[in-house]
Amino acid sequence: MGIPLNQALSVGAYVIGQHLRGRKRYPLVLMLEPLFRCNLACAGCGKIDYPDKILNQRISVADALHSMDECGAPVVVLAGGEPLLHKELPEIVEGALKKGKFVTVCTNALLLEKKIHLYKPHKNFNWSIHLDGDKEMHDRSVCQKGVYDRAIEAIKVAKAKGFRVNINTTLFSDAKAEQVAKFLDEMKKLDIGGVTISPGYAYERAPDQQHFLNRTKTKQLFRDIFKLGKGGRAWPFFQSGLFLDFLAGNQTYQCTPWGNPTRTVFGWQRPCYLLGEGYAKTFKELMEGTDWDKYGTGNYEKCADCMVHSGFEATAVMDAVKKPWKIAAVALRGVKTDGPMAPEIALDKQRPAEFVFSRHVENKLAEISEAEARAQKPVAAE
Ligand code: SF4
């Protein structure tokens, strides 16, 4: 099935509208992380080693809905942390749907069966279940046995209740093409709506830095996978064909970080979902106050190996809208899996990495302490 037609048409019309208005930078997908707390501690995740005071922070329903209005992106992805730990997530989802957004909740599914009665199926809503491959691959990736089986069970329950269910898969350097292809075949048998697939990216704070893929290995791995599935056409990807083509080394793309702006408990994250180099208080401040040219492959050391969908899917969608014949070729013939690859962006002029994580954590802790002190003041005065 892949991307539902109404979503593809609506997002396409939105992109054309932005072009006609002459907007150089505009958002496509709002990545909203209403909390960082998670009930897993995956080796490849950089989000869960914050101090407790930060892990206890939540974005309120009002702030979440206000962020959607500020940003205006047609698609809202609710991630985290584990979003199902957020007690008000059902209200956030309902509010987003009322605004006409296409809504995805990314979850590890451990709580899905327990909480699914709080949600209603809707044509613009889907669950995206985290599954980094088959049982062996996924349980290793999330560092806990039994998680794969629970996720599969949750997929079946959600489907039986009439929800659209996708999966999202991150591949690391130990991924084997045959194993991934078999896993995708199995997922297809479950009649899921689509698969979002991406190479892992070296989050600065991820505990396991050794298993991320570099660009050359990424492209070869995806070529090998797609070769086993009719150039990728054998599986229902919930992604643009040109993004898959990029993963297989057939497109030279620069990222579009403003295409997937990210709102976390820290504020609007600069420059993207993957890098927290600074935070803006408003979406306008993020868009107008970020020096976008400082980021991206070839511009910044931390961006050198990034090929993640949150950075490049928007580039692929915009390319497809401007040059529809390119997407038609991929749809007809599948992703090219042999021959020379597209030229790579040179890295010789990239600026060195800056390490800013600790400063942001200190600033946030100071802000929380101030807010706590303010909240206690009237009590002290009594
Ligand atoms: S390449 Fe782009 S999307 Fe990837 S980390 Fe850098 S700024 Fe973010």
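**Exercise 1. Determine which element gives the largest share of the lining of the second largest pocket, and describe that lining.**

Step 1. Helix α14 contributes 4 residues, the largest share of the lining of the second largest pocket. Helices (H or I, at least four residues) and strands (E, at least two) are DSSP runs, numbered from the N terminus. The model is predicted: local features need pLDDT of at least 70 and side-chain atom pairs count only at pLDDT 80 or more, whereas totals for chains, interfaces and linings use all residues. Residues are numbered from 1 along each chain as its sequence is written, and side-chain values use heavy atoms, with hydrogens and water left out.

Step 2. The lining of this pocket comprises 19 residues, with V265, F266, G267, K364 and E367 nearest the centre. Two or more lining residues come from each of α3 (61-71), β7 (262-264), β8 (267-271), β9 (276-280) and α14 (357-381). On a 1 Å grid over the protein atoms alone, a pocket is an open set of points with protein on both sides within 12 Å along at least five of seven lines, while a cavity is a set where a 1.4 Å probe fits but cannot get out; lining residues have an atom within 4 Å of a point.

Step 3. The pocket has a volume of about 430 Å³, a volume being the space filled by probe spheres set on the points, which are joined across faces, edges and corners. By class, its lining has 6 nonpolar, 6 polar and 7 charged residues. Ala, Val, Leu, Ile, Met, Phe, Trp, Tyr, Cys and Pro count as nonpolar, Asp, Glu, Lys and Arg as charged, and the others, Gly among them, as polar.

**Exercise 2. Locate the ligand and characterise its surroundings.**

Step 1. The search of the whole structure yields 3 cavities of 30 Å³ or more. The second largest cavity holds about 110 Å³ of space; 14 residues line this cavity, and C255, C272, L274, C303 and C306 are the closest to its centre.

Step 2. The ligand sits in this second largest cavity, meaning that more than half of its atoms lie within 2 Å of the grid points.

Step 3. Around the ligand stand Y201, C255, P271, C272, L274, L275, Y295, G296, C303, C306 and G311, where a residue is near if one of its heavy atoms lies within 4 Å. This shell divides into 9 nonpolar, 2 polar and no charged residues. The cavity lining divides into 11 nonpolar, 3 polar and no charged residues.

**Exercise 3. State the strand order of the open sheet and identify its edges.**

Step 1. The 9 strands follow the order β6-β5-β4-β3-β2-β1-β7-β8-β9, with mixed pairing. Two strands pair if DSSP finds at least two bridges between them.

Step 2. β6 (194-199) and β9 each have a single partner strand, so one side of each lacks a neighbour in the sheet.

Step 3. β7 and β8 pair in the antiparallel sense over 3 bridges; R263 has W268 in β8 as its bridge partner.

**Exercise 4. Find the cis peptide bonds at G81 and P271 and place these residues.**

Step 1. The bond joining G80 and G81 is cis, with omega about 20 degrees. G81 belongs to the loop between β2 (75-78) and α4 (89-98).

Step 2. The bond from R270 to P271 is also cis, with omega near -10 degrees. P271 is located in strand β8 and is one of the residues surrounding the ligand.
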